[in-house]
There are 2 protein chains.
Amino acid sequence: MLFENIYEEIFPFWGKISDADRDYICQNSHLLTYSKGKNIHNGEECSGVILVRSGSLRLYIMSDEGKDITLYRLHKGELCMLSASCVLDAVTFDVFVDAEEDSECCVVSGPAFAAVSKRNPDVRIFALETAVSRFSDVMWVMQQILFMSMDKRLAIFLSDEAARTGSDTIKLTHGQIARYMGSAREVVSRMLKYFADEGIVQMSRGGVTILDKERLHKLAF
Amino acid sequence: MLFENIYEEIFPFWGKISDADRDYICQNSHLLTYSKGKNIHNGEECSGVILVRSGSLRLYIMSDEGKDITLYRLHKGELCMLSASCVLDAVTFDVFVDAEEDSECCVVSGPAFAAVSKRNPDVRIFALETAVSRFSDVMWVMQQILFMSMDKRLAIFLSDEAARTGSDTIKLTHGQIARYMGSAREVVSRMLKYFADEGIVQMSRGGVTILDKERLHKLAF
């Protein structure tokens, strides 16, 4: 009954599949809690479709040397499809998922979700659309890092400003920072949000405060 | 009649949609030829679903400064969905498509394809699966460049070997190159293929020949 209520809200296909399929998904669901920092998915097996009930998850890719790049985060009510490689055959790259805070999640087993999606085009479309919409997020991060070194350029700008003014709070709007950097406001805002999500800065009214100087300097040099 | 025959082979959904929808797609199709080097799609408008009949297309992303990174190529019989942004709402990033050789393509107008896909889940699933399968290709390229600088490392290795042996042909197998570089054979093979597609090297039996020294050096330094 619990899962039934949750899924009714989250899955747009819920009303369109049979009672048997709904039962099947609920019977193959688990409510799991993860402590902050726990690795939930390491790209190898099919960890299932993960729905965040509370807390937040971080999705990232990792090199052999352990360097990682955050692709995006999942918050309450958001779904992770990339952890369900057995649902989406076309997804052949590995992502990692960690709990970034203590998190409670509903997890639908991958094979169960895959079986229902085979019988129901609406479920398949939902799974694919969820994956494709993240494709765009990932491309944005990649483009900024590959082309513009926007992460590096913003880190340098913030470090320089902090040194120049002698304060960890940079009292400039996103638009002003963009003009100083010769970039667009939307790009600066989105990259600042990325930094904030990473815990490197904190945004406040009319300013940006540096929280993690060490990481900022690592990015800058 | 011409389009009918082509689409019957390419579109797995062709037998599952109505006569009217088949006609509608054919009536909104064009056979277009592009000369080598011609830009076909620049990320702005919806250029439609492009099917390569002969020649080849290159898909890439581009920075404001004009630097570009090849994501993948499309050959005879392959389909470009990312050029049809009006079909896939979830795709919000811009790609560019150029004809890499003189190419002949069938192009289905984006709005027509979108209208049919709205009425037919099979069409929608096909469009989404085509997009998601490219997501994996793109992630591979990104990971190699971001993490490993595999493009740079391979360029350095090939340049060094050519200088050391005094020959533009490096007589090593992919497996041998991988061992020298401390990498995996699959990774080296795939990156060599990427270099070959870019015209930087040519692969031959038991060796790799450098074709474009200037680009190789640019990558290496």
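How many residues does the contact take from chain A and from chain B? Hi everyone, let's start there, keeping in mind that this is a predicted model. The contact takes 28 residues from chain A and 28 residues from chain B. On the chain A side, the largest share comes from helix α4 of chain A, residues 121-148, which supplies 19 residues. As for chemistry, the side of chain A that touches chain B divides into 19 nonpolar, five polar and four charged residues.

Now, how do the copies relate? A turn of 180 degrees, with a shift of 0.0 Å along the axis, lays chain A on chain B with an RMSD of 0.1 Å. The two copies are therefore related as by a two-fold rotation axis. Both copies use the same surface, too: 100% of the contact residues of chain A recur in chain B.

Let me move to a strand I enjoyed looking at, β4 of chain A, residues 57-62. Its side chains alternate. A:L57, A:L59 and A:I61 point to one face and are buried, while A:R58, A:Y60 and A:M62 point to the other face and are not buried.

And what does β4(A) pair with? On one hand there is strand β5 of chain A, residues 68-74, which runs antiparallel to β4(A) and is joined to it by six bridges. There, A:I61 stands opposite A:I69 in β5(A). On the other hand there is strand β7 of chain A, residues 96-99, also antiparallel to β4(A), with four bridges between them. In that pairing, A:L59 stands opposite A:V97 in β7(A).

So A:I61 and A:L59, both on the buried face of β4(A), stand opposite A:I69 and A:V97 respectively. Thanks, everyone!

How values were computed: Residues are numbered from 1 along each chain as its sequence is written. Chains are lettered from A and ligands numbered from 1 in the order in which they are written. This is a predicted model: local features need pLDDT of at least 70, side-chain atom pairs count only at pLDDT 80 or more; totals for chains, interfaces and linings use all residues. Copies are superposed by least squares on the C-alpha atoms of residues with pLDDT of at least 70 in both. Two residues are in contact if their C-beta atoms, placed from the backbone, lie within 7 Å. Helices (H or I, at least four residues) and strands (E, at least two) are DSSP runs, numbered from the N terminus. Ala, Val, Leu, Ile, Met, Phe, Trp, Tyr, Cys and Pro count as nonpolar, Asp, Glu, Lys and Arg as charged, and the others, Gly among them, as polar. A residue is buried if 20 or more other C-beta atoms lie within 10 Å of its own, exposed if 12 or fewer, and partly exposed in between; C-beta atoms are placed from the backbone. Two strands pair if DSSP finds at least two bridges between them.
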